[in-house]
Each structure stands twice: as structure tokens, then as C-alpha cells.
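I opened this notebook to look up the aromatic rings and the contacts they make. The entries follow the order in which I checked them.

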Amino acid sequence: MGVKCSLVFSALMLLLLALKLEAGEIAIYWGQNGNEGTLASTCASNNYAIVNIAFLVVFGNGQKPVLNLAGHCDPSSAGACTRLSNDIKACQSRGIKVMLSLGGGVGSYFLSSPDDARNVANYLWNNYLGGQSDSRPLGEAVLDGIDFDIERGTTQHWDELARALSGFSQQRKVYLTAAPQCPFPDEWLNGALSTGLFDYVWVQFYNNPSCQYSGGSAENLKNYWNKWTAIQAGKIFLGLPAAPGAAGSGFIPSGVLVSQVLPAISGSPKYGGVMLWSKFYDNGYSSAIKPKV
């Protein structure tokens, strides 16, 4: 009897462990408001598994790359943001992945050719990833990968950028993530996502009434979620605003999210969790949903 109980207990523990391993995670964007706290404190909250540093707003087409971190530091002043190196390392010591996000809703970014895409990939590798440069904007810390938040410029050559960045994984793993809009397929990132190289895709289910939660119904959201989980990618995240003021539309109260929306989508094998925009607006939202994500 004792042996049987032990075997049953072991089986239950294995099942619980498996369920825990399949639990979702929370990704957050940080960098666009100087009042959102430091990167180190963001990670110390233990609410997030992935932090996207936002944004590299100018690059490609021969332009000098420009990093914009709002009120945190002035990247145009040599060495001004290198102090973030210690924060990045502190995050990574907690097992948190730290990405550099490209693009966003403002700025000037444009890839003019396959060669241009490869040149941008080389710049990113040497200045933010595992390569070498005398002018690394964030210091010696090595970021875990690159996030594609492409919302303007061009629809072309992002696939070549993804392939070139992925090629560096032969030297050190480069995670690729993307933040497409929820209308399917995404106008800007369809080519890049078609490569099947992306580890995490956080779909922006906000500012898009046709596919977001609205009117107390998750039906549209679920229909588009099913389309997104059919793409070739690692994990798919539900991208949401962390507060009503974080976006024009699409905010889901935390209680509604955990009781109605997550149960409708989390059964997908590709379910990865929730992405939030952004740290500045996250005043308790991630803490409220984390146990249920």
C-alpha cells in the first residue's frame, strides 16, 4: 500500500511540475518614461520573465542608429547609458531575458535592401549582442536578443534581418521576438514571421477593434488568437495595455482577463503568456494577473 501511495504521489508531483512548466509568463516594455522606475527595479519585482528595452528608433538606409530611452538617459551623450549594463546583468542573473526593441510608433527606420538588412544585423550584433564594439550604447552587457516592433517604414527586408540575426546564434543564442498588430496577417511583419525563426510573438490585441476584446465579448479576440497560434513560432503572447490610459482601446480589467479571456486561449500549446505595454502603466496589473497567467 505504501509503495502504491508513493507511486501515486510521484505521479502527481510530475504532473504538477509539467503544469508549472507550461504556465505562462509576462513580458513588459520598459524605456519610454523616465518615471517608470529603473530597469533593475523592474526586474526585482519578479513579475516579468522578459523585458523589452524600447526603442532603437532610427536605423537602416545608411542612417546613424539612434536609441531613445526617454527620461532614463541620453544615448546621444557618449557613455550616458552604459550604466544600464549593471541593471541588465542584474535582470539576467534572475533568469530574465532582456531584449532590444526595434522601431515603435515613432522614429525613422527603413531597410532598403538585403545588404542593408545584413548591415543592421552586424551593427546590432556588435553593439548590443555578443559582438565587439568600442561604442556599445548600453555598455558591456550582452542582451539576449532583438524585438521587432515594426509599425512604419517598409514592409520589406525584415525577413533578411531576422535571418542574419539568427545566423549569429551559431556563436551565441540570439532570441528573436516580434510585436505584430492583431489583424492577420500583420502588414509590416508578415515576411519576417514567415521565416519561422521567432521564439516569442506578442500580438498587440489593442488599438485594433476588429480583433481585440470589446463589448464584453472575447469572441473576436479568440478567433484571431487561433489564427496567430497557427503560425510557425515558438510561443504566442497576448499583448495588452497595462492600464486604460496605455492605449486608445483594448484594455481588459484584470478580473475579466483571468476569468474569461485567459481560460479561452491558454489551452493552446503555443500559449506563452501576456505582454504588457508598458512598465510605466503597470501599477499593479501584472501583480494581479501573474498567479493566473
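Over the ring of which residue does the charged end of Lys97 sit? I looked it up in this predicted model and found the ring of Tyr175, with the charged end 5.1 Å from the ring centre. I then noted Lys173, which lies over the face of Tyr175 at 4.9 Å from the ring centre.

Next entry: ring pairs. I searched the whole structure and got 19 aromatic pairs. I took Phe59 and Trp158 as one of them: the ring centres are 6.0 Å apart and the planes stand at 75°, so I logged the pair as edge-to-face, the cut-off for that class being over 60 degrees. I placed the partners along the chain: Phe59 belongs to strand β2 (residues 50-59) and Trp158 to helix α5 (residues 158-167). They are 99 residues apart, and I recorded the pair as a link between distant parts of the chain.

Are these two partners buried or exposed? Phe59 has a relative accessible area of 1%, so I marked Phe59 as buried. Trp158 also comes out at 1%, and I marked Trp158 as buried too. The cut-off I applied is under 20%.

I also asked which cluster holds this pair. Phe59 and Trp158 form one aromatic cluster with Tyr109, Phe148 and Phe198.

Last entry: the record. I found that UniProt lists residues 24-293 as "domain: GH18", in an unreviewed entry. I checked that span in the model: its end C-alpha atoms lie 5 Å apart. I noted its content as 26% helix and 21% strand.

Conventions:
Residues are numbered from 1 along each chain as its sequence is written. This is a predicted model: local features need pLDDT of at least 70, side-chain atom pairs count only at pLDDT 80 or more; totals for chains, interfaces and linings use all residues. Side-chain values use heavy atoms; hydrogens and water are left out. Rings of Phe, Tyr and Trp (its six-membered ring) pair if their centres lie within 6.5 Å; planes under 30 degrees apart count as stacked, over 60 as edge-to-face and the rest as tilted. Helices (H or I, at least four residues) and strands (E, at least two) are DSSP runs, numbered from the N terminus. Buried means under 20% relative accessible area, exposed over 50%, partly exposed in between (1.4 Å probe, protein chains only). A charge sits over a ring if NZ of Lys or CZ of Arg is within 6 Å of the ring centre and within 35 degrees of the ring normal. UniProt positions are given in the numbering used here, feature names are shortened, and annotations may be inferred rather than shown by experiment.
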